Amino acid sequence: AKLHPRLLCKLGGSVFPFAFAVAGPCAILAVGIKLLSRYHGSDDDEFTRLWGLQGGDQVVGAAFSSVSSLLGFLIVFRTSQAYSRFWEGCSTLYQMHAEWLGVSSSLVAFCKRSRAPATDVLAFKEKLVRLMSLLNGVIGMDVAFAATPEDRDGSTSSSRAFEMEIIDTEGLDEESLITFDQCSHKVELIYQWIQELIVEADCDQVFSVSPPILSRVFQELATGMVNYHQAIKIAQVPLPFPYMQTMELLLILHWAITPPLMCMWVQSAMWTGILTFMQVFFLWSFNCIATELENPFGEDLNDLPVEDMQRSFNQRLLLLLCPSTTRTPVLTPDAMKEAVQLDQGLVQDLRKVKTGLMKKTKLGSGIRRRRQSLGHLRQTLTDLQSDDGGEALSEDDSSAPRAASHDTTGKDTISVAGGERISFGRQVSID
C-alpha cells in the first residue's frame, strides 16, 4: 500500500471543501467562546453555571456521547447503503451495454450466409447500428436526469440526448425523427423499432439461422431492458425522506452543542478548536460521501462517465460494419502442419498414459491375488492347528502357496512349493 499525497490535495470531486466550510465556523465559534470566557475572568465553574451545566458533567457527557454514537451509526448506515446503490447502478449499466453489444454482434453474425440481396443485408446492418447507438444515448441521458423533478416525463433527457455522440441520426427518415421527438417514452419506442426491424429482416431471409437461435436475441434485448429499469429505479428512488430529515437535524444539533461542551471539557483554547473541528469535519464528510454515492448517474465528477461510455459503445458498434470484421480468419499451411503434429503428439501421449494405467492395473491385480492366497493359507493353518490341538506353529515361507495333506505316519503335513513339507503334531518341524 502506498500513500498518495495528490489525493489529499485534489479538490475535484472532493467532499473536503464543503465539510471544511461547515466545520471551520464551528471550530472558530468554540475558540471564540473559550477566549471570551477567559477575557471576562470566568473560570470553568462559572462557565458551567453560565450555560446551566453545573453538577451534571457526567450526565451531559453521557448524553453527548449517546448523540454522537447514534449520529455516527446513522451516517455509517447511510454510507453503506449509498455504496451499495452506487455499485448496483454501475453493474446494471455495464451489463446493459454488454447485452446491447451482444445483440448487435449476434445479428450481424446471423447475416453471414444470408440469401437476401447484399443491399438488404447492408441496409439492415446500418439501421441496426444507428438504432442501437440512439437507444444507448437516450438511456444514458434518461438515467442521468431521472432524479430531477422537472424530468419526470423525460423531456429534459430526450432533448439533451442528441448532445451525446450518436451515430448518424440524420440518416433516419424525417417521419421517424418526428415520432421520436413527440414521444414521451423514447426508450420504449426505440426498443420496439429494433424488435420490428429484426422481425422484418427475418421475413426477408436476411438471417441464415433457425428461429430458435434467433429467439435468443429477443431474450437478450429483454434482459437489457430489465437492466435499464433497474438503473432508473436507483436514479428515481432515493433513501426514505424521514430518515434523511432526522439525520440532517441531528447533524445540525451536533454542530450547535459541540462548541460549548468542548469549552467546558478542554482547558486549552487551541485544543478546543482542534477537537471541535475534527468531530464536525469527519461527520459531515461522511455524510457528503453518502450524498455523492446515492445516485451514480448525473453530471457530477463522482458520477459514472456516461458520455465516455457512449463513445466507447459507438466505437464497438462501428467495428461491426468494417469489412475486415466480417471476414473469418483462416489458418496458414504452416499452422496446419503444426496442428497435425500437435494432434499426433497428443495421440501418442494418450497412448502412453493408457499403457501406464494398464500396467498399474495388472500390478495391483497381482498384489491382490497374492494377498488373498496368503490369507487363505493362514486360515487353513489355523483350522488344522485347532483340529490337531497343537500349541505352536512356525513357518519358514508364509508367502509360498501350500496344500494340506495327511502323511502315513499319522502326522498332518502341508506341501510347500519347492518340495518342502511342513508337519505338525505336538510340535511342528520342517523336513
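**Reasons behind the labels**

Modeller: Glu 126 and Arg 130 stand four residues apart in helix H5 (residues 118-144), which means that about one helical turn separates them. A helix here is a DSSP run (H or I) of at least four residues, and helices are numbered from the N terminus. The model is predicted: local features need pLDDT of at least 70, side-chain atom pairs count only at pLDDT 80 or more, and totals for chains, interfaces and linings use all residues. Residues are numbered from 1 along each chain as its sequence is written, and side-chain values use heavy atoms, with hydrogens and water left out.

Biologist: Why is the pair Glu 126 and Arg 130 called a salt bridge?

Modeller: The term requires a side-chain nitrogen of Lys or Arg within 4 Å of a carboxyl oxygen of Asp or Glu. The closest N and O atoms of Glu 126 and Arg 130 are 2.5 Å apart. The pair therefore satisfies the rule.

Biologist: Is Arg 130 buried or exposed, and how do you know?

Modeller: A residue is buried under 20% relative accessible area, exposed over 50%, and partly exposed in between (1.4 Å probe, protein chains only). Arg 130 has 16%, so it is buried. Its partner Glu 126 has 27% and is therefore partly exposed.

Biologist: What makes Glu 248 and Arg 78 a salt bridge?

Modeller: Their closest N and O atoms are 3.9 Å apart. That value falls within the limit for a salt bridge, so the label applies. Glu 248 belongs to helix H10 (residues 241-265) and Arg 78 to helix H4 (residues 57-110), so the pair ties together parts that are 170 residues apart in sequence. Arg 78 is buried because its relative accessible area is 2%, whereas Glu 248, at 29%, is partly exposed.

Biologist: Where do Arg 311 and Asp 308 lie?

Modeller: Both are in helix H12 (residues 306-319), three residues apart, or about one turn of the helix. Salt bridges that share partners also join Arg 78, Glu 248 and Glu 294 into one network. Arg 311 and Asp 308 themselves form a salt bridge, with closest N and O atoms 2.1 Å apart. By this rule, the count of salt bridges comes to six.

Biologist: How do you know that the span of helix H8 agrees with its number of residues?

Modeller: The expected span is 1.5 Å times one less than the number of residues. Helix H8 (residues 186-203) has 18 residues and should therefore span 26 Å; its end C-alpha atoms are 26 Å apart, which agrees. Just after H8, Gln 205 takes a positive phi of about 60°.

Biologist: Why is Gln 195 called buried?

Modeller: Gln 195, which is found in helix H8, has a relative accessible area of 18%, so it meets the limit for buried. Leaving aside neighbours within four places in sequence, Gln 195 is in contact (heavy atoms within 4.5 Å) with Phe 218 and Leu 221.

Biologist: Is Phe 281 buried or exposed?

Modeller: Phe 281 lies in helix H11, and its relative accessible area of 10% is the reason why it is called buried. Not counting residues up to four places away in sequence, Phe 281 touches Phe 16, Ala 19, Phe 20 and Ala 23. Phe 281 and Phe 16 are 265 residues apart in sequence, yet 8.3 Å apart in space, C-alpha to C-alpha.

Biologist: Why is Phe 286 counted as partly exposed?

Modeller: Phe 286, placed in helix H11 (residues 269-294), has 44% relative accessibility, so it is partly exposed.

How values were computed
Helix = DSSP H or I, 4+ residues; strand = E, 2+ residues; numbered from the N terminus.
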